[in-house]
Structure formats: C-alpha cells, structure tokens
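Visitor: I should like to understand the empty spaces in this protein and the place of its ligand. Could you guide me through them?

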Amino acid sequence: MENKKKIVLITGSTSGIGEACAYKFAAQGFSVILNGRDIRKLEALKQNLVKKYTGDVFLLPFDIRDRETARKAIRELPENWQAISILINNAGLVLGIEKEFEVNPDDWDIMIDTNIKGILSITRWVVPGMIARGEGHIINIGSIAGDAAYPGGSIYCATKSAVKALSDGLRIDLVDTPLRVTNIKPGMVETHFSLTRYRGDKEKADAVYAGVKPLTAEDIAETIYFAASAPPHVQIAEVLILPNQQATATVVHRKA
Ligand code: 8X3
C-alpha cells in the first residue's frame, strides 16, 4: 500500500526532544519512522502513538554510531516508507563535566561518534533520496553549546559547534535544490540530558534546573514543527531558543 502521508524520520526518538517530536508530528498526521537503541522503548512509543493518533509508525532500532547498520536500514526501508520528507537529526548526548585534558577518551568517542558522525551518516543515506524526489527538510538539533564553549563542556560544545558547521555546509551544498536545512539550538531543556551528563546522579542533574523554569521537550518540538511547516520558500536556518531566565550558556537567573 502506498504511503500517502508525509514521512518524518526522527533519530534518538525514545526520550526527550525526539519523543516529543514523535508525538507532535504524529498528531499533525505524519507517518513517523522512529530510530533509537532501545527496542522495548520504541515498541512502547509506537503503541502509544498508534493508540492516540491511529498513525503509521515504522521502527528503526539501531545505534546511529553503527554506520553500516544505518546505511542498510535506510536502504532497506519498505518502498512505501522510503520517501522521507523530514529528517530530524536529534540523537545526541553529553557525558561529564571534566576539563578538556581530563576527559576519558572513551567519552570523546561516544560524544563525537553520536553527535557528529551519527548526523553525518544518517544525512549521507537520506539526503540523496530527498534530492531525487525534489523535496526534503533536514533539521539538526544543535545547541547554545555550539555558539561558545563553557566550563566543563569542551568536547560537547565542540560537537555542537560541528553541528552548526555541518548544517551551514549542507545548506550551502543544497542551495540549488528545494531542500531546506535548519539548526535548532536549545538552551536549558529539562530532559534526560543532565541525568546522562551526571551519569545517573539525580541530585546533580536536578541542581542544573534549580530556581529556573527550563524549556520542555515539547517547547522544542513546537519550534521544530514551526520550522517544518513554514511555506516552501521560507528556510528557517537557525533558531536559538532559551528559557526566559537564561541569557547565555552560563548566565542564568535563579530564583531562590
Ligand atoms: C543543551 C544546552 O547549555 O546545557 O545542549 O549545553 S547546555
């Protein structure tokens, strides 16, 4: 059966911004391809989406660091799932707050391979099809961390700086096509982000948001949907989105 609805592929969709995008786009009538590492979480998300929106959901369970699996998974999508209109490169993470010269090299690899090479490989396998179909929008989740380094964030900030360069470079490479590229740069968003950074230490993770009303994953999904639903001649290149109490990555007003 031909898939008539527009298709969105979301990486890292089992939590946070990715999961909020899955709900938002399914609610708007999109067919959704969900990528993530945890098959049980993907199945649960699929069930909820189908129940709530009777939507079409296809699961792509793999780690985006696994380039060959990513290539095969995209290439072997069923025919009615191949015409991806929107790619949301969301999967990404931060580990630790050590100084640059103290970070465990294994953590460099996890952050660089996920946040940079993961985006590169999914983009590499999805964009040629978009060009052939003459339609597509690549939405990368960058960060305020890509605008300037901050203490304890050296490697993560470098990866998000790379996301900006990759988004700008891709926009240049696609300027003679109908495709669009958007870099979404959130500040503080309350998701698993800080819990992962502090390796499960909830007290430290909660302290990041103390006295602040942070953004929610849903706030970011709304912004992403706004960029995705803009008229075809409008390319929202970048959005820096912060809580009202945040001015820069390090200037935050905390209420007692
Ligand atoms: C998330 C924002 O400032 O915590 O990317 O790095 S920040």
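Guide: The following questions and answers concern the pockets, the cavity and the ligand of this predicted model.

Visitor: In which pocket does the ligand sit?
Guide: A molecule is assigned to a pocket if more than half of its atoms lie within 2 Å of the grid points of that pocket. By this test, the ligand sits in the largest pocket.

Visitor: How much space lies in the largest pocket, and which element gives the largest share of its lining?
Guide: About 1300 Å³ of space lies in the largest pocket. Its lining comprises 50 residues, and Gly 92, Leu 93, Val 94, Thr 191 and Phe 193 lie nearest the centre. Two or more lining residues come from each of helix H1 (16–27), strand E2 (31–36), helix H4 (105–133), H5 and helix H6 (193–197). The largest share, four residues, comes from H6.

Visitor: Of the nonpolar, polar and charged residues in the lining of the largest pocket, how many belong to each class?
Guide: Gly counts as polar in this division, whereas Ala, Val and Leu are among the nonpolar residues. On that basis the lining of the largest pocket has eight charged, 19 polar and 23 nonpolar residues.

Visitor: Which residues are around the ligand, and how do they divide by class?
Guide: A residue belongs to this group if one of its heavy atoms lies within 4 Å of the ligand. The group consists of Ser 143, Ile 144, Ala 145, Tyr 150, Tyr 156, Pro 186, Gly 187 and Phe 193. By class, this shell has no charged, two polar and six nonpolar residues.

Visitor: Which side chains place a polar atom at 2.5 Å or 2.6 Å from an oxygen atom of the ligand, and what percentage of the ligand's area does the protein bury?
Guide: In the side chain of Ser 143, a polar atom lies 2.5 Å from a ligand oxygen. For Tyr 150 the distance from a polar side-chain atom to a ligand oxygen is 2.6 Å, and an N or O atom in the side chain of Tyr 156 is also 2.6 Å from an oxygen of the ligand. Taken alone, the ligand exposes 240 Å², and the portion of this that the protein buries is 86%.

Visitor: How much space lies in the second largest pocket, and which elements give two or more residues to its lining?
Guide: The second largest pocket holds about 250 Å³ of space. Among its 16 lining residues, Lys 6, Glu 135, Arg 180, Ala 228 and Ala 230 lie nearest the centre. The elements that give two or more residues to this lining are strand E4 (84–89) and helix H8 (217–228).

Visitor: How many cavities of 30 Å³ or more are found, and which helix gives the largest share of the lining of the largest cavity?
Guide: The search of the whole structure finds one cavity of 30 Å³ or more, and about 60 Å³ of space lies in the largest cavity. Of its 13 lining residues, Leu 95, Gly 96, Gly 152, Gly 153 and Ile 155 are the closest to the centre. The largest share of this lining, three residues, comes from helix H5 (residues 154–173).

Note on methods
Residues are numbered from 1 along each chain as its sequence is written. This is a predicted model: local features need pLDDT of at least 70, side-chain atom pairs count only at pLDDT 80 or more; totals for chains, interfaces and linings use all residues. Side-chain values use heavy atoms; hydrogens and water are left out. On a 1 Å grid over the protein atoms alone, a cavity is a set of points where a 1.4 Å probe fits but cannot get out, and a pocket is an open set with protein on both sides within 12 Å along at least five of seven lines; lining residues have an atom within 4 Å of a point. Grid points are joined across faces, edges and corners, and a volume is the space filled by probe spheres set on the points. A polar contact is a pair of N or O atoms within 3.5 Å; within protein, one must be able to donate a hydrogen and the other to accept it, and residues adjacent in sequence count only if both atoms are side-chain atoms. Accessible areas come from the Shrake-Rupley method with a 1.4 Å probe; for residues, only the protein chains shown count as cover.
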